[in-house]
Structure formats: structure tokens, C-alpha cells
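Here is a request from someone meeting this structure for the first time: please explain the words used to describe it, and show the reasoning behind each one.

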Amino acid sequence: MVSPRAPLSKLTAGLLFVSFLIYLVIINRLEVGQSDRVADPASFSSRMLMNLPSSGSGDGNNLHDTISNSGVITAIDNMVNQIGVAGSDLTETRVKDISNEIAKQIADYVVQRLGKAATISNPCSSCWKHGNATDLPVIYLVTPTYRRPEQIPDLTRLAQTLLNVPAVHWIVVEDNSALSPAIASLLKRYGIPHTHLKAQMPEKYKKSKLKPRGVANRNAALDWVRSNCKSGVVYFADDDNTYDIRLFEEMRFTKKVSMWPVGLVTKVGLSSPVVNDKGVVVDFFDGWMANRKFPVDMAGFAVSVQLILEKSDVYMPYVPGHEEDGFLKKLDVSPADIEPKANWCTQIFVWHTQTKSNTPANRTTATGKRYKGTNIDTLQEWIV
């Protein structure tokens, strides 16, 4: 037998109380002595707070005393009463949304009140070279994507990488006739500044044996950058690569075009500029040279927004295998313009890992009577 739902007022109070506990945990973390201070509270968001590691062991007496304080209880009651007055049409989902929003608002409010007294323990402080993210050039990270079984897992992994990168704007472009609700939900859930676009491959290329995948997506992103950006850097980041977050700091101050090695490319294992002892790019190393002037991988270079604005008519060509080379040549880049990163191209911070392809799921078993009306029905929404 299914137990009856608790009265909505109790549900509301419970969820609001959980939100308030989040507030108390934030206070507790902010007050614990930690090493790295935030230079600017405006750059310190609730999204960063939610990714803080545990502040360590310690008894919960102080927290319990705070929760038991009559002033705290009164404040919770007031919030519950005010929401209750708002209307009787509240649903469980709506109450949860309200509670989540309260938690975010509390986090941001606390940070503003505490200002420079707020502290944060960064698990990779050496990867964050700058405390004030508002002063950093923005990285416009372009990710073309298409529907397949691995799409959401790949985007989830990339999103969790980008949570550790300050001053980034994620441009996700689907090769689809309509924007996917699942991807829109993912982007909203992670809270990374983003733009969600769609751009389909032109019909004339769809029947080709070698398809220029991602070209229409990247070109749509270039149009968006030219219409919305004045400075920063553009990086084409496929969703099936693996990224060391140090890579993003390497590319952030690109003046024109920067390059670095990419691992797991072709049978030779990597693709990289060849750099002499003076830090100058003199050649390229790649398993498929193909008479290209710039035999580089898509993940191995970044371009300044300024250069893209100056070359307003430059796009990637629909030529499989020559997209990078054609794009860089149209930008009128010379080897002397290339800025070798990753310690003069002696380190690898990105790998072309390519998630193993999976065949589309067989739904026959899930549609049987045995699973009808169960959670397996719901899970089918996640399956491709």
C-alpha cells in the first residue's frame, strides 16, 4: 500500500529546513580557517561553494546549537508562512524548486555579506593562477555534439571539468533540427555560463562517405561569437576528449593563435607542433601530414576573439580532415604567429580519448509486462 502524502505545509517546512541547513553548512565552511582567500567576493559564487570539499572533522554541537536557536526557528516559520500565503496550488515539484532557489540565494547573500572574509580551499590551487575571475579573458569553449548513446555521458564529463574553470562560456551546438530538452536540462543543472544552439550538417554532405562532422556547428558558434563578443579566446572542445584543467589557463591569454600537443591521435600517439630551443614553432608532428600546412588536431589550438573579428569572413571548410588546416590558413596565420603553450609543447593537457561507441539500446525487454509501470519505464528516457 502506498502511504498518503504528508500535508503540503509539512513538506514545505521540511524542504525549507533542508535549505537552511545548507546555509549553515556554508557558514561553517566559510568560518573554518582555510588558506586561499577570495580576492573579490563578486567572483565567488554559490556554484563554487557547492564544489567545496568537506571542511573536515569536528563535532556538530555548534551547528546543533545554532539550529536550536529560537531566532532561527522563528525565521524558518516566517518563510514557511509567507510561502503558504502565496497560494494553495503549490505542488511537490514546485516546493522543491522554491527550496533549491532559496539555497542558492542564501549562498550568494552570505558571500556578499562576508565579502573578503570568505575563504575557499581549492583542491588544485596551482591550477588557478588568478583569484579575481572578473579580470580574466573569457574562454568561449565551442562543443559540437550530436545525438548518440554516449552524448549525455560525454557532456556530463566535460561539464564537470568546466566547473573547475573560471571565466568560461560554453557554447554547445547540436547537429539537430531542434534543441534537445535533455541537453538544455544538463546545461541548466551545472550552472556554467552557456549558449545552446543548433546547426545541422547541410544535406549535400550527409550522404558522403567521409562526413565533415561538426563543421556546421563550429561555424554557427563563430557567427555567435562575432555577434556577441569583443575579446577573449575561442577553443573548439569536442565532447569526447579528456581535458586537464591546466590547459585552459595555458590558452587564456592567447594573442593570436596558440598551440599545444594532443595525446592519443593517430598511430603515432600524439599530434604536436615542433618547437626549437628558442620557443619557436618550426615544424609539426602528426600521424597524418597529408600535405597540410597546419597538420594539427582540433583540440590542439585556440584563436583570439580579436583575430576572429578581424577575419570576419573566415569559417571552417567542409573538407573532412582539412577543417583545422583550412581554417588556420584562411585566418592568414604564419608559423611565426603561433604561441607554443604547455611548456613549449613538452606537456600533454588534452587527449583524444573518444568514448567507446555503443550500439543503440534494444528496448524490447524494457517494454515487457514485467517492467510496465516501474522505474524502468522512466529510465527509457535516458536511453538512446
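Q: Where is Arg-147 placed, and why is Arg-147 called exposed?
A: In this predicted model, Arg-147 sits in the loop between β1 and α6. The relative accessibility of Arg-147 is 58%, and exposed means over 50%, so Arg-147 counts as exposed. The C-alpha atom of Arg-147 is separated by 7.8 Å from that of Asn-176, although the two residues are 29 residues apart along the chain.

Q: Why does Thr-266 count as partly exposed?
A: Partly exposed covers the values between the buried limit of 20% and the exposed limit of 50%, and Thr-266, at 42% relative accessibility, therefore counts as partly exposed. Thr-266 belongs to the loop between β7 (262-263) and β8 (270-275), and its phi is near 55 degrees, a positive value in a residue other than glycine.

Q: What makes a positive phi worth pointing out in a residue that is not a glycine?
A: Most residues other than glycine have a negative phi. Ala-290 has a positive phi of about 50 degrees although it is not a glycine, and Asp-332, which follows α12, has a positive phi near 65 degrees. Ala-290 is found in the loop between β9 (281-285) and β10, and because its relative accessibility is 33%, Ala-290 counts as partly exposed.

Q: How do you know that β2 is largely enclosed by the rest of the structure?
A: Buried means under 20% relative accessible area, and seven of the seven residues of β2 are buried, so β2 is largely enclosed by the rest of the structure. Val-168, Trp-170, Val-172 and Glu-174 point one way from the strand, whereas His-169, Ile-171 and Val-173 point the other way, and all are buried.

Q: What makes β1 and β2, and likewise β2 and β3, count as paired strands?
A: Pairing needs at least two bridges between the strands; seven bridges join β1 to β2, and five join β2 to β3, so both pairs meet that condition. The strands run parallel in the β1 and β2 pair, and β2 and β3 also run parallel. Val-142 stands opposite Ile-171 in β2, and Trp-170 stands opposite His-194 in β3.

Q: Why are β3 and β11 called edge strands?
A: An open sheet of seven strands has the order β3-β2-β1-β4-β10-β6-β11, with mixed pairing. The edge strands β3 and β11 (338-340) each pair on one side only. Neighbouring strands of this sheet are turned by 25 degrees against each other on average, with direction ignored. Helix α6 (residues 151-162) packs on the sheet, where it touches β1 and β2, and its direction makes about 170 degrees with that of β1.

Q: How do you know whether the span of α9 is close to what is expected or far from it?
A: Helix α9 (residues 215-228) has 14 residues and reaches 20 Å from its first C-alpha to its last, close to the 20 Å expected at 1.5 Å a residue.

Q: Why is α9 described as largely enclosed?
A: Ten of the 14 residues of α9 are buried, so this helix is largely enclosed by the rest of the structure. Among these buried residues are Val-215, Ala-221, Leu-222 and Trp-224. The elements that cover them include β1 (139-145), β2 (168-174), β3 (194-198) and β4 (233-236), as well as α11 (305-310) and α12 (323-330).

Q: What makes α12 count as mostly covered?
A: Six of the eight residues of α12 are buried, namely Glu-323, Glu-324, Asp-325, Gly-326, Phe-327 and Leu-328. Their cover includes α9, β4, β6 (257-259) and β10 (301-304).

Q: What makes a set of residues a nonpolar core, and which residues have the most contacts inside the largest one?
A: Such a core consists of buried nonpolar residues joined through side-chain atoms within 4.5 Å. The largest nonpolar core has 35 residues, and those with the most contacts inside it are Phe-236, Met-259, Phe-301 and Phe-327. Helix α9 gives the most to this core, with six residues. Apart from it lies another core, of 32 residues, among them Leu-158, Val-168, Ile-192 and Val-265.

Key: Residues numbered from 1 in each chain as written. Predicted model: local features only at pLDDT ≥ 70, side-chain atom pairs only at ≥ 80, totals over all residues. Heavy atoms only, no water. Helix = DSSP H or I, 4+ residues; strand = E, 2+ residues; numbered from the N terminus. Expected span 1.5 Å × (residues − 1). Buried < 20%, exposed > 50% of the residue type's maximum accessible area, 1.4 Å probe, protein only. Contact = heavy atoms within 4.5 Å. Axes fitted to C-alpha atoms, helices over the stretch in contact; angles between N-to-C directions.
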